[in-house]
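Colleague: I am new to this structure and would like a close look at a single part, the place where the ligand sits. Please take me through it slowly, and then show how it relates to the rest of the fold.

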Amino acid sequence: MKELTRRQFGKSAAASAALAGLALPQVSFGQASADSQQFPRGFVWGCATAAYQIEGAVSADGRKPSIWDIFAHTPGKTHNGDTGDVADDSYHLYKEDIRLLKNLGVGGYRLSISWPRIFPHGTWQANQAGLDYYKRVLDELLANGITPYVTLFHWDLPEALPGGWQSRTTAQAFAGYAGYVARELADRVKVFITTNEFSSFTDLGYRTGQFAPGLKLPAAQVNQVRHHGILAHGLGVQAIRANAPSARVGMAENPTVFVPVIEDRENITAAQRATREENAPFLTAVLEGKYPDSYLEREGANAPKIEAGDMKAIGSPLDFVGLNVYAPYYVRADGSPKGYAIEPRQAGYPHMDSPWIVIGPEGMYWAVRLVCDLWHPKAIYITENGCSAEDVVTPAGRIEDTERVMYLRAHLANLRRAIAEGFPVKGYFLWSLLDNFEWADGYSKRFGIHYVDFKTQKRIPKLSAEWYRAAIARNALV
Ligand code: GBH
């Protein structure tokens, strides 16, 4: 790790020396241990959010409904009937939220743009007032020295688009929107992220029905929806490159992540196979520009209908791959034809406040390593990582979220291992800056490192915010 800076260590050593007169054993803080906690110079520390989860102001300045407005307002679809109508009111409080970012010392902020603010009817007629809002947000970020990482689609699809992701024209509409935004914001934004989490807006929206628009379609139609999702990404990449030639472009994906049960050759091979196979319709297709034959054979007559040029667009070269990492599966080698077996999640396996966030920090290391070994991306960003916690406010007004600190520290230790082994990880975006509208879970799950009192909109930094601030300041695990 030649790139590491030793300056921070020097400061800490001086501080402990100053305490040496006290009748306490000196805290050991040797050179070796300081180095082993360090991140590379230039590493981007950031936070992430998404438009519908934080903005509120759903009718402001010409915005029209997204499929999430409709879904959340449909009885029984979200916890407690919660909606994003107000959320964190970040639409109005964005300056305060940027102050929180500034206090943390982050270098980057991953935010998303609300498609229905820019094209309230999905396509055709752009809404200047919506665009102007984001110009104000971006200007505020830039004035504070924070680099924006802009996601174009984080699930708030304009309701007006007929058929939603069932329709191929939605992918084309996305490209039109992406190209327009890239052109209009190219002076302010140097990094664009097309879409967030293919499986979340396709499978959960159209197969399981947990997310908007809440459909449960048969396999052939689900595969077509998935195809339109990755096609939107591919056409989006082309449109962004045409309109903002100097911007860097990638996507944010949450592949199913596999940890080999034993770190040896056969189990690592099994994890690699599982990563490629289990992510076939999404990450594999995008990074190979082709669906694996095994996937097409498996789906048979239900396989997606592909038009000429689709796969070329889908496989458009990327400047980076963004990975959202929360919870892995464990996998082992076996004698089956595919060569791996995914371990069932045991009922007693520990998890964070959200039951789906089982604790598996090694997933962070293996996500990076396996994606790099399989596909050799130019760069990786961790575009999301974080967890929910109960976050009770103490009588003293504090939120002592030690379990979140544990979760983050363990994941960053594994990320650091990947970096130390030479994998090109350039930055990390913590999910999330603020407690917010957690989709189907409404306001019942808190992911922020700042607590939000949804009645008063007051923000309170949690212990995890203090911890993250210290990590950023030292560019190291703390
Ligand atoms: C990300 O999704 C999203 O990008 C972000 O918007 C979100 O707030 C964040 O993570 C935290 O959830 O209830 O067992 O059926 C993560 C992918 C997809 C994981 C939906 C949870 C529901 C699991 N998520 N999934 S379950």
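**The ligand and its surroundings**

Modeller: Of the 18 residues around the ligand, those that come nearest are Gln53, Gln210, Glu384, Glu438 and Trp439, and please keep in mind throughout that this is a predicted model. Two of these five also appear among the polar pairs: Glu438 places a polar side-chain atom 2.5 Å from an oxygen atom of the ligand, while an N or O atom in the side chain of Trp439 is 2.8 Å from a ligand oxygen atom. Tyr326 can be added here, with a polar side-chain atom that lies 3.1 Å from an oxygen atom of the ligand. As for cover, the ligand taken alone exposes 570 Å², and the protein buries 78% of that.

Glu384 leads from the ligand to the fold, since this residue, one of those nearest the ligand, belongs to strand β10, where Asn324 stands opposite Glu384. Strand β7, residues 320–324, and strand β10, residues 380–384, pair in the parallel sense over four bridges. Both strands are part of a barrel into which eight strands close, with parallel pairing, in the order β1-β2-β3-β4-β5-β7-β10-β11. On average, neighbouring strands of this sheet are turned by 25 degrees against each other, direction ignored. Helix α8, residues 168–185, packs on the sheet and touches β3 (147–153) as well as β4 (191–196), and the direction of helix α8 makes about 160 degrees with that of β3.

Technical notes:
Residues numbered from 1 in each chain as written. Predicted model: local features only at pLDDT ≥ 70, side-chain atom pairs only at ≥ 80, totals over all residues. Heavy atoms only, no water. Pairing = 2+ DSSP bridges. Helix = DSSP H or I, 4+ residues; strand = E, 2+ residues; numbered from the N terminus. Axes fitted to C-alpha atoms, helices over the stretch in contact; angles between N-to-C directions. Contact = heavy atoms within 4.5 Å. Near = heavy atom within 4 Å. Polar contact = N/O pair within 3.5 Å; in protein donor to acceptor, adjacent residues only side chain to side chain. Areas by Shrake-Rupley, 256 points an atom, 1.4 Å probe, with all protein chains shown as cover.
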